[in-house]
Amino acid sequence: RLSAVTAMTLECDIYCKVEILNALTMLPPLFSAALACYIVKRKVWWRSNAAFFLICGWMVMIPFSTASHLYCAFNGQYSHILMRLDQTGIAIASVMVGWALSKCPNFTSVLAVAGACICGLMWFGPEYLRIHVEWRTVSLAGMVLAYLSPMIWMRDTFDSSIPPLLMCFATGFILAVFAPLGAYSHPLFHVILIPYTFYVSKSAMNYEQSQESRLLGMDPEMSQESR
């Protein structure tokens with residue numbers, strides 16, 4: 001019996017540490033996004049509309065996700081309310097990133113409606129939709145694929161960020177949904193978000209710069225230097 005109690009205590013300790021790690025690993029992708037914005041538009045990234053929405057998207061997600069993981073770390077179970085807040089933040093951020101990648105009002109409106117439907121069901125739908133997480137995870141993954149799609153149909157040339165993004169998305173989806181590495185799958189999923197966010201932000205900033213250059217009628221590098 002003593003060994004069983006010791007095993008349970010050890011399991012709890014590991015579980016708590018993993019959840020704290022989950023909370024801590026929410027912050028680096030924010031800096032990854034800022035770095036990509038700075039690299040592409042070094043002189044004026046802080047005035048960029050795309051950079052604003054990319055960074056604000058992460059700032060919306062971080063508090064909810066951090067609170068959810070820390071609650072679980074110190075209480076031994078997830079809070080359904082905090083989990084719904086976490087996933088609501090993801091839905092809101094998806095709309096913001098969708099705008100940054102497309103600059104298309106109609107597309108962003110469709111994303112906003114989809115996000116509102118998901119959030120409405122998770123908060124006000126039947127009880128099994130409010131409690132169970134799997135359907136929300138898959139639905140939000142669909143939103144992520146949707147907001148990434150402008151990288152294909154809104155670009156004049158092939159976007160070099162697509163291959164690494166697809167690798168990050170596939171790896172992250174496996175870690176988040178199937179958890180092949182057990183409790184450590186989720187913090188690794190958060191680590192994958194660092195390069196993922198970098199390439200999403202890089203794509204959005206390059207697209208914004210190309211649109212501005214087209215309006216100015218000059219080469220992208222010349223338009224950047226002229227600012």
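## A tour that starts at C119

Select C119 and, leaving aside the neighbours within four places of it in sequence, you will find that C119 is in contact with T88 and A91. The model on your screen is a predicted one, and every value on this tour should be read with that in mind.

Keep C119 selected and show the helix around it, which is helix 5, running over residues 105–124. Is C119 buried or exposed? Its relative accessible area is 14%, and C119 therefore counts as buried, since the cut-off is under 20%. Now add R136 to the selection: although R136 and C119 are 17 residues apart in sequence, their C-alpha atoms are 8.9 Å apart in space.

Next, select residues 80–102, which make up helix 4, a helix of 23 residues that reaches 33 Å from its first C-alpha to its last, close to the 33 Å expected at 1.5 Å a residue. Of those 23 residues, 17 are buried, so helix 4 is largely enclosed by the rest of the structure. Step just past the end of helix 4 to K103, where the backbone takes a positive phi of about 55°.

Now turn to other cysteines, beginning with C37, which is buried with a relative accessible area of 0%. How far is the sulfur of C37 from the closest cysteine sulfur? That closest sulfur belongs to C56 and lies 11 Å away, which is too far for a bond, because a disulfide needs the two sulfur atoms within 2.5 Å. Move on to C168, which is also buried, with a relative accessible area of 11%. The cysteine sulfur closest to that of C168 is in C37, at 16 Å, and this too is too far for a bond. A search of the whole structure finds zero disulfides.

Finally, clear the selection and look at the whole chain, whose secondary structure comes to 11 helices and zero strands. Along its principal axes, the C-alpha trace spans about 75 × 35 × 25 Å. Of the 227 residues in the chain, 43% count as buried, and among contacts between residues at least 6 apart in sequence, 72% join residues at least 24 apart.

If you switch to a surface view, the accessible surface comes to about 12200 Å², of which 72% belongs to carbon and sulfur atoms. Colouring by charge as a last step picks out 14 positive and 13 negative side chains, and the centres of these two sets lie 4 Å apart.

Notes
Residues numbered from 1 in each chain as written. Predicted model: local features only at pLDDT ≥ 70, side-chain atom pairs only at ≥ 80, totals over all residues. Heavy atoms only, no water. Buried < 20%, exposed > 50% of the residue type's maximum accessible area, 1.4 Å probe, protein only. Helix = DSSP H or I, 4+ residues; strand = E, 2+ residues; numbered from the N terminus. Contact = heavy atoms within 4.5 Å. Areas by Shrake-Rupley, 256 points an atom, 1.4 Å probe, with all protein chains shown as cover. Lys, Arg positive; Asp, Glu negative; His and termini not counted. Charge placed at Lys NZ, Arg CZ, Asp CG, Glu CD. Expected span 1.5 Å × (residues − 1).
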